[in-house]
Amino acid sequence: MLHAWNAWLVLLLAVSGILLFIKPFRELGVVRVLTKEGHIWLGLLSTVIVLIYLPQMIRHIRQLRGKPEQQWNLSVVLILLVGWIVSGIVLWQFRQFPPVWSNVALTMHDLFTWVGVPYAIYHSVTRSRWLKMRRPGAVMQREAGEGVRESEGAPRLETPRSVTETVRDVLYTRRSFIRWGLLGLLVVLIGPKFGRWLFSGGGSGGIDLNAYDPSKDGNRMLPAPQPLPDSIVPVGGGSQGHFRIYTVTPIPSFSSDNWKFTISGLVDRPQSWDWKQFTDLARSVQVSDFHCVTGWSVYNNTWEGITLSKLLEKAGVQSKARVVKFYSGDGVYTDTLTLAQAALDDVMVAVLLDGKPIPQELGGPVRLIVPKMYAYKSVKWLQSIELIDKDHIGYWEARGYDTDAWVPSLKPKQGNV
Ligand SMILES: Nc1nc2c(c(=O)[nH]1)N[C@H]1C(S)=C(S)[C@@H](COP(=O)(O)O)O[C@H]1N2
Ligand SMILES: [Mo]
């Protein structure tokens with residue numbers, strides 16, 4: 001009974017989890033936030049069920065002594081469930097843990113899903129009544145014979161078989177045909193993606209910064225910005241980890257022919273720069289970590305750009321202004337900082353990452369970086385800044401993200417931020 005319930009829950013969790021993982025789903029905004037809420041509640045519910053069932057399950061594993069296959073299966077299921085639950089709780093309560101924990105938890109959660117979902121599919125199909133019914137007499141044979149064969153490990157009375165006989169056996173009994181067929185199908189369907197995921201260090205569809213060739217970038221920004229000495233050989237030693245490419249619109253592309261950057265609103269001297277003028281502004285270099293609220297982090301990024309406060313100085317912020325509003329060139333995404341937050345000296349309008357122009361997918365030619373806050377504040381494809389006197393609710397905040405975006409361990413202790 002509980003088993004069936006949990007099987008349904010695992011199915012729903014898998015479906016919602018995979019939806020959360022795939023890229024296009026991010027464009028659905030609030031649907032994604034609600035799906036995540038639902039995923040968490042389902043996870044908690046199935047945790048309760050597992051906790052109720054746990055003593056029985058452990059007893060059951062012991063009872064299965066001598067039935068290695070079933071013992072194995074139950075142990076795998078148990079490990080998967082515990083892994084999912086523990087990493088899920090860390091991700092759910094991410095604010096209680098340092099970002100590294102969330103990052104490890106997310107990788108584990110993904111890994112358990114890559115292994116667990118195919119396993120669950122395989123397990124449920126090969127164990128399904130449908131498959132048993134397709135083998136007339138098989139159920140009886142199973143009940144009568146299998147227990148003996150598997151439990152007592154009675155010697156098989158068959159003479160050693162040749163390879164061809166084995167292959168024929170595998171291919172011609174319907175049960176193993178379906179088993180192996182399914183296994184093969186799963187490997188073919190999931191294998192390559194899994195491999196790519198694994199070798200990209202757990203990132204999903206990110207880009208390899210070492211292999212990134214700016215001359216093939218989707219943006220056409222000329223002249224290319226020349227990196228400062230601290231960036232040519234990145235002082236941070238190069239980014240560690242992989243950026244997941246997040247966007248709520250199709251990825252926009254830009255050209256230096258018509259790109260411009262503006263500061264407007266409650267300022268004394270509204271500003272407008274074209275690309276050449278913008279790249280002539282004095283830049284500085286910082287090394288900082290990048291934390292997404294969904295759990296992944298990229299460490300030691302060497303960003304080069306213009307400190308936001310320097311840009312605001314040029315425009316002359318009026319005393320009526322309260323809030324700095326950022327507009328993405330994607331035409332949809334916006335977010336804000338208070339003036340006190342905008343004054344932090346690591347808030348940067350970045351132009352280069354690890355000595356190269358910021359890739360189009362990662363928000364180039366210009367993106368905001370707010371290292372002490374979760375990355376939804378770091379507006380990609382930043383094109384204009386407006387000083388306003390009222391609050392504005394940013395894209396993700398309007399869809400359920402917390403207005404307090406501080407990474408708890410990084411929030412400045414002093415000052416009224
Ligand atoms: N314009 C725009 N900026 C954005 C987003 C977005 O969808 N559109 N996503 C935000 C979120 S939630 C994160 S985690 C980071 C991701 O940056 P990346 O795609 O370069 O990894 O960008 C932030 N800035
Ligand atoms: Mo994010």
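How far is an oxygen atom of ligand 1 from a polar backbone atom of Arg-244? The distance is 2.5 Å. Keep in mind that this is a predicted model.

Let's stay with the ligand for a moment. Tyr-246 also contributes its backbone: one of its N or O atoms lies 2.8 Å from an oxygen atom of ligand 1. Arg-367 uses its side chain instead, with a polar atom 2.7 Å from a ligand oxygen. How much of ligand 1 does the protein bury? Taken alone, the ligand exposes 530 Å², and the protein buries 100% of that.

Where does ligand 1 sit? It sits in the largest cavity. There are 22 residues around it. Those that come nearest are Arg-244, Tyr-246, Arg-367, Ser-378 and Lys-380.

Now look at Arg-367 again. Strand E9 covers residues 367-369, and that brings us to its partner, strand E7. E9 and E7 run antiparallel, joined by 3 bridges. To find the pairing on screen, look for Met-348, which stands opposite Ile-369 in E9.

So what about E7 itself? Strand E7 spans residues 348-353. Why do we call this strand largely enclosed by the rest of the structure? Because 6 of its 6 residues are buried. Buried here means under 20% relative accessible area.

E7 has other partners too. Strand E4, residues 297-307, pairs with E7 in the antiparallel sense, over 5 bridges. One pair to look for is Trp-303 with Leu-353 in E7.

Then there is strand E8, residues 356-357. E8 and E7 are again antiparallel, with 2 bridges between them. Leu-353 comes up once more here, as its bridge partner in E8 is Lys-356. E7 and E8 form a hairpin with 2 residues between the strands. One residue to check there is Asp-354, which takes a positive phi near 50 degrees.

Last stop: the loop leading into E7. It follows helix H12, residues 339-342, and Leu-344 is found in that loop. Is Leu-344 buried or exposed? Its relative accessible area is 18%, so Leu-344 is buried. The cut-off for buried is under 20%. Now find Val-370 as well. Leu-344 and Val-370 are 26 residues apart in sequence. In space, their C-alpha atoms are 8.9 Å apart.

To recap: ligand 1 is in the largest cavity, and strand E7 is largely enclosed.

Key
Residues numbered from 1 in each chain as written. Chains lettered and ligands numbered in written order. Predicted model: local features only at pLDDT ≥ 70, side-chain atom pairs only at ≥ 80, totals over all residues. Heavy atoms only, no water. Buried < 20%, exposed > 50% of the residue type's maximum accessible area, 1.4 Å probe, protein only. Helix = DSSP H or I, 4+ residues; strand = E, 2+ residues; numbered from the N terminus. Pairing = 2+ DSSP bridges. Near = heavy atom within 4 Å. Polar contact = N/O pair within 3.5 Å; in protein donor to acceptor, adjacent residues only side chain to side chain. Areas by Shrake-Rupley, 256 points an atom, 1.4 Å probe, with all protein chains shown as cover. 1 Å grid on protein atoms, 1.4 Å probe; cavity = no way out; pocket = protein on both sides within 12 Å on 5 of 7 lines; lining within 4 Å. Sits in = over half its atoms within 2 Å of the grid points.
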